[in-house]
Amino acid sequence: MRLDISAWCTIANNRIQKNGGELFRDDASIPVTDFLVNAYKSFQLDYPKFYKMDGLSKLGWLAAEVLLKLENITERYSQGDIALVLSNRNSSLDTDIRYFETTKSMASPALFVYTLPNIVMGEICIRHGFKGENALFVFEKFESAFLSRYVQNLVEANDCKACVCGWVDLLANNYNATLFLIEKSNTEKMGEFSPENIQNIYESTNG
Amino acid sequence: MDKLIADLKEQIIAQLNLQHIKPEDIGDDQPLFVEGLGLDSIDALELIVLLQQQYNIKLNNADDGPKVFRSVKTMAEYITQHQATGK
């Protein structure tokens, strides 16, 4: 079964793109958390919980927000038919380290709740009402072949009809979010959901 | 008391990452939870940490929480009372 990329979004090098078009750019010297807040404000988003999120959740949440804008995905599919499959390299290590620092004086409950890598998925699901399959994999690098095969299997097994998938990774000021909206072949807007295509898009963000 | 209330508003914003709110947006008597500032259970824990870190006050009885954390003013009253009695 052929799957297509309906839309893609990348956040890297203090730059946000959707489908190849630049939506926001900030000075490269700005720390990632400030950059994400600046982008949030620039897009005039209204979701106060955003400020309370850790860096990884801010990154993934914002990428999903940009990816899904105007895609009307929850109008076209039931909540249980939309899957979310993410991957990254550094798990929740960025927040784990920050939390560990607070334990030396007084442990922060607000940081503790983000010391799991899949919390970012919860934030995205809560925002968009997704109730379908979800999974997060920790890999050394972006595994386009695995991601492609896993999502393909989900759709073919009828576990989902659409899927948001990709890479959301953050450790200190090193970060990258590359998300794809995948649907059955009814759009062909951004090309086939193949390992080569998603690898090329992922690599283009580092250019 | 006014200085303490002003300090508390600044500290609550910093501790709870409420960057979208300014101190003047928080009313002295405004409920902190549910219909007021909309704080949640994790925020409640952070307020307990704030009391301990900033004012060296431990909330020993969890049942006191809703009363103490009802508003910035009730927090200030609790701190003042605590500091006066030295408990």
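Across the interface of chain B and chain A in this predicted model, the rule finds 3 residue pairs in polar contact, with both residues of each pair at pLDDT 80 or more. On the side of chain B that touches chain A, the residues divide into 6 nonpolar, 5 polar and 3 charged. The contact as a whole draws 14 residues from chain B and 11 residues from chain A, and the area buried between these two chains comes to about 1,000 Å², with carbon and sulfur atoms giving 64% of that area.

The same interface holds 1 salt bridge, in which the side chain of Asp43(B) meets that of Lys52(A) at a distance of 2.6 Å, taken from N to O.

Turning from the interface to chain B itself, one comes to helix H1, which covers residues 2-15 and thus has 14 residues. From its first C-alpha to its last, H1(B) reaches 20 Å, close to the 20 Å expected at 1.5 Å a residue. After H1(B) comes Asn17(B), whose phi is positive, near 55°.

Which residues of H1(B) are buried? They are Leu4(B), Ile5(B), Leu8(B), Lys9(B), Gln11(B), Ile12(B) and Ile13(B), a list in which Lys9(B) and Gln11(B) appear beside leucines and isoleucines. In an α-helix there are 3.6 residues a turn, so residues three or four places apart point the same way. The cover over the buried residues of H1(B) includes two other helices of chain B, namely helix H2 (41-55) and helix H4 (72-85).

Terms used. Residues are numbered from 1 along each chain as its sequence is written. Chains are lettered from A and ligands numbered from 1 in the order in which they are written. This is a predicted model: local features need pLDDT of at least 70, side-chain atom pairs count only at pLDDT 80 or more; totals for chains, interfaces and linings use all residues. Side-chain values use heavy atoms; hydrogens and water are left out. Contact means heavy atoms within 4.5 Å. Buried area is the accessible area (1.4 Å probe) that two parts lose on being put together, summed over both. A salt bridge is a side-chain nitrogen of Lys or Arg within 4 Å of a carboxyl oxygen of Asp or Glu. A polar contact is a pair of N or O atoms within 3.5 Å; within protein, one must be able to donate a hydrogen and the other to accept it, and residues adjacent in sequence count only if both atoms are side-chain atoms. Ala, Val, Leu, Ile, Met, Phe, Trp, Tyr, Cys and Pro count as nonpolar, Asp, Glu, Lys and Arg as charged, and the others, Gly among them, as polar. Helices (H or I, at least four residues) and strands (E, at least two) are DSSP runs, numbered from the N terminus. The expected span of a helix is 1.5 Å times one less than its number of residues. Buried means under 20% relative accessible area, exposed over 50%, partly exposed in between (1.4 Å probe, protein chains only).
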